[in-house]
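User: I am new to this structure. Please walk me through how the ligand is held.

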Amino acid sequence: MGKSNVSLRGKHILGLEDFTPDEIEMVLLTAREMKNIIHRDIKKVPALRGKSIVTLFYEPSTRTRSSFETAGKYLGADVVNITAGTSSIVKGESLRDTLLTVEAMGFDAIVMRHKEEGAAAYAAKVVSHPVIVNAGDGAHAHPSQGLLNLFTLLDHKGHLKGLKVAIIGDILYSRVARSDIQGMRKMGIEVHLAGPRTLLPRFLAEEPGIFVHDRIEEAIEGADAINVLRIQLERQKAGLFPSRREYARIFGLNQERLKLAKPDALVLHPGPMNKGLEISPDIAYGNQSVIQELVENGVAIRMALLTLILTGGKNREADH
Ligand code: NCD
């Protein structure tokens with residue numbers, strides 16, 4: 001636990017494939033401290049005072065963008081938001097030029113969301129000073145979401161190794177699924193995937209600890225947690241997706257299916273939800289759902305990530 005030689009200072013956060021289990025553990029431990037700050041009356045510490053962060057979003061977002069912004073502000077950083085629809089991006093400015101412009105203003109971190117896979121890795125090559133945090137690049141990765149899911153599982157179950165987690169739905173287009181699978185495998189979680197054949201990359205079953213099922217019931221059986229994915233309607237290619245009604249009937253999470261999991265199984269969904277499609281409303285708001293808690297934990301995880309990459313986390317104690 002908490003190996004002292006582990007440091008994320010200056011590291012671009014592109015995907016969980018680049019993380020060691022020790023690094024993941026350090027983020028989770030730091031997030032625990034950060035969650036205490038969120039619960040304080042005065043939610044402000046000077047850990048990132050004098051640092052500046054820009055969020056650069058080329059795709060819509062409610063939770064992720066505002067939670068990075070909130071995280072930065074609770075830590076005393078200056079935070080500026082750029083969204084595609086209201087910036088020079090609509091005038092055709094290239095990603096490269098936008099990144100260079102942002103760098104010239106002296107930002108220390110760029111939190112970025114883009115519809116193209118690899119956009120964050122590209123950004124990391126273009127800029128020299130700021131650290132890049134990938135907040136979602138196409139169907140590739142969403143590392144902070146993977147980390148906040150792990151954090152929530154750890155919070156409830158007390159450990160990660162040996163848990164059985166079902167991930168249901170649009171695995172093919174889901175960056176959340178990809179980051180979940182990587183993070184969970186690194187922490188010793190057994191991952192069971194289910195979804196329509198056309199949205200379920202079969203080769204994943206060749207990896208140890210990953211099981212691919214045609215039927216959602218098989219994946220859920222005995223699970224400690226079920227992560228329901230949003231059907232990425234905006235990324236579907238024609239023919240890969242059954243009708244909404246068919247999908248809900250065969251793959252939707254309903255009460256009957258939830259009963260197959262352990263009685264204390266948690267239900268996760270990254271949001272935004274298509275209620276009545278991938279998840280029934282009674283489960284989304286039911287007592288096994290941790291969907292709102294994921295949002296709070298998302299702020300804690302992003303506070304941890306920003307602190308660790310911008311300061312190494314060294315002066316954390318002194319700030320409290
Ligand atoms: C996810 C995303 O944008 O990848 N949402 C989120 O970050 N809360 C999941 C999704 O859009 O399906």
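Analyst: A residue is near a molecule if one of its heavy atoms lies within 4 Å of it. By that rule the ligand is surrounded by Arg63, Thr64, Arg113, His142, Gln145, Arg175, Val176, Arg230, Gln232, Pro270, Gly271 and Pro272. This is a predicted model: local features need pLDDT of at least 70, side-chain atom pairs count only at pLDDT 80 or more, and totals for chains, interfaces and linings use all residues. Residues are numbered from 1 along each chain as its sequence is written, and side-chain values use heavy atoms, with hydrogens and water left out.

User: What makes the pair between His142 and the ligand a polar contact?

Analyst: A polar contact is a pair of N or O atoms within 3.5 Å. A polar side-chain atom of His142 lies 2.7 Å from a ligand oxygen, so the pair qualifies. Gln232 also places a polar side-chain atom 2.7 Å from an oxygen of the ligand. At Gly271, a polar backbone atom is 2.9 Å from a ligand nitrogen.

User: How many nonpolar, polar and charged residues does the shell have?

Analyst: The shell has 3 nonpolar, 5 polar and 4 charged residues. Ala, Val, Leu, Ile, Met, Phe, Trp, Tyr, Cys and Pro count as nonpolar, Asp, Glu, Lys and Arg as charged, and the others, Gly among them, as polar.

User: Which peptide bond is cis, and what is its omega?

Analyst: The bond joining Gly271 and Pro272 is cis, with omega about -5 degrees. Both residues belong to the shell around the ligand.

Conventions
A polar contact is a pair of N or O atoms within 3.5 Å; within protein, one must be able to donate a hydrogen and the other to accept it, and residues adjacent in sequence count only if both atoms are side-chain atoms.
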